[in-house]
Amino acid sequence: MDVILIVSGGYLKEIETQDGYSYRLMLNHITLKNVKRAIAFAPIELVLGILYIVTCSGISRSVPMRYAGGLILAGASAVLFFLLYREIIKKRPDYKLMRLLLYIYWLSFSAGGIVISASEFLETGAPYSFLAVALCLLIIPISEPMETLVLTAIITIPTIIFAISEGFGVLAYLGILAAVLSFAWISSVIYCCYSNLWIGKRQLDTAEERCSQVRQKDNLTGLLNKSGLSAKFSELAKDKSECRIAVILIDIDNFRGYNHLYGYDKSDTCLYNICNCIKIMAKSYTDIIARFGGDDFVLVIENTEQFELIKLAEQLRQGIETMALPFGEGIVTISIGVSGIRTLKDKETYSLLLNEADDQLVIAKRSGKNCIGYMGRPFIHENRKDVR
């Protein structure tokens, strides 16, 4: 177990150095855990404090100490319960403040517990209350090893000094030290194991997320692929059920012939250049662009109007035409199919829009290519270049 603790501590130090963001997230996560534990423990502490106050009787020297200890427990638990609860229900809690409140909370618990333990020493000579306080203080919160060491010193040193001043035997000191050091060791093991598990899970989740992103991207262009577009559409359907969307489907004219004429390398370069042109020209309209097939591209436009769709489609067509990528004796051109605008309801809307855009693309192809198909008819610019 010592080996586990040493290795875990070294691993956490390495994580803190190499991945400070993950380490801060882990600390924030542990802070939330500790706040929830403190909030759950505070009512118990409040009841115990009240019981110590109510049951105080007699004139012995231990009575005022029991009363003071109970008052510290009850008062601190009530006040800090309120402050911690008020902070944790915020949308953006202040983690530094919560950590400070936690320190104050457990220090106040230590103070109350030490005073009550001292009163029990005077009455019975037994350290049962002290052991209970040490167990709660070192096991309930998930504390860093240094924090555990500080808490151990805070409760142990005053107790041993008090025991010495009252003339208790050496066995009492050794028993107190053995118990507290055992609790501290267990606390450090819990912290290191919990932290390692959390960071390991985060790294695994991050790796899975990156793999998912890679699977949803086209290797050549960096755009979404079919799978990525489908996933993106599912997100839209989940988050924006009242969103009005349309689809623009782009196809490079006679690209199979371009492939045969120039080969795969130049074809990939052509695709990459066209992809960049589409991304630049559509930037102000949408960020959902996908390579849907070998030479097909899809744009999903949200909350738009019909004239804006036609305007964007024509800008895209003219943009590719202006690039004047050579294709035999002519240049590379595109044909575009534009769907109607539909209210997004579910994933079925995605298929309807794609099918509609594909039907309009067929109309553009049959009308001589290098034009736009929309609403069942072609939109042909008067200055369009003839397609090779």
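Which helix holds the place of Tyr-128? Here are some notes on that and on a few other spots worth a look; please keep in mind that this is a predicted model.

1. Tyr-128 sits in helix 5, which covers residues 128–139. Its side of the story is a simple one: Tyr-128 has a relative accessible area of 60%, and because the cut-off for exposed is over 50%, Tyr-128 counts as exposed. If you want a distance to check, take Tyr-128 and Ile-176: their C-alpha atoms are 9.9 Å apart in space, while 48 residues separate the two in sequence.

2. Next, the surface around helix 4. A nonpolar patch is formed there by Leu-97, Leu-100, Tyr-103, Ile-104 and Leu-107, and together these residues have about 420 Å² of accessible area. One of them, Leu-97, lies in helix 4, which runs over residues 95–124. Is Leu-97 buried, partly exposed or exposed? Its relative accessibility is 33%, so Leu-97 counts as partly exposed.

3. Now to the pockets. The largest pocket has a volume of about 320 Å³, and 18 residues line it. Nearest its centre lie Asn-34, Tyr-103, Ile-142, Ser-143 and Glu-147. Tyr-103 therefore deserves a second look, being named both in the nonpolar surface patch and among the residues nearest the centre of the largest pocket.

4. Where does the lining of the largest pocket come from? Helix 2 (20–54), helix 4 and helix 6 (145–165) each supply at least two residues. Helix 4 gives the largest share, with five residues. By residue class, the lining divides into 12 nonpolar, three polar and three charged residues.

5. On to charged pairs. Side chains of opposite charge can pair when their charged atoms come close. Across the whole structure, the search finds six salt bridges. One that you may like to see on screen joins the side chains of Arg-291 and Asp-218, at 3.3 Å from N to O. This pair links distant parts of the chain, 73 residues apart: Arg-291 is in strand 2 (residues 289–291), and Asp-218 is in the loop between helix 7 (170–215) and helix 8 (226–239). Both Arg-291 and Asp-218 are buried.

6. Helix 11 (residues 306–323) offers a local counterpart, centred on Arg-317. The side chain of Arg-317 meets that of Glu-314 in a salt bridge of 2.7 Å, N to O; the two residues are three apart in helix 11, about one turn of the helix. Arg-317 also forms a salt bridge with Glu-321, where the closest N and O atoms are 3.2 Å apart. Arg-317 and Glu-321 are four residues apart, again about one turn of helix 11.

7. How accessible are the three residues of these helix 11 salt bridges? Arg-317 has 1% relative accessibility, so Arg-317 counts as buried. Glu-314 is buried too, with a relative accessible area of 15%, and Glu-321 counts as buried at 13% relative accessibility.

8. Finally, one more group to bring up in your viewer: Asp-251, Asp-253 and Lys-365 are linked in a network of salt bridges.

Note on methods. Residues are numbered from 1 along each chain as its sequence is written. This is a predicted model: local features need pLDDT of at least 70, side-chain atom pairs count only at pLDDT 80 or more; totals for chains, interfaces and linings use all residues. Side-chain values use heavy atoms; hydrogens and water are left out. Patches are made of residues with over 30% relative accessible area and no salt bridge: like charges are joined within 9 Å, nonpolar side chains (Val, Leu, Ile, Met, Phe, Trp, Tyr) within 5 Å. Accessible areas come from the Shrake-Rupley method with a 1.4 Å probe; for residues, only the protein chains shown count as cover. A salt bridge is a side-chain nitrogen of Lys or Arg within 4 Å of a carboxyl oxygen of Asp or Glu. Buried means under 20% relative accessible area, exposed over 50%, partly exposed in between (1.4 Å probe, protein chains only). On a 1 Å grid over the protein atoms alone, a cavity is a set of points where a 1.4 Å probe fits but cannot get out, and a pocket is an open set with protein on both sides within 12 Å along at least five of seven lines; lining residues have an atom within 4 Å of a point. Grid points are joined across faces, edges and corners, and a volume is the space filled by probe spheres set on the points. Ala, Val, Leu, Ile, Met, Phe, Trp, Tyr, Cys and Pro count as nonpolar, Asp, Glu, Lys and Arg as charged, and the others, Gly among them, as polar.
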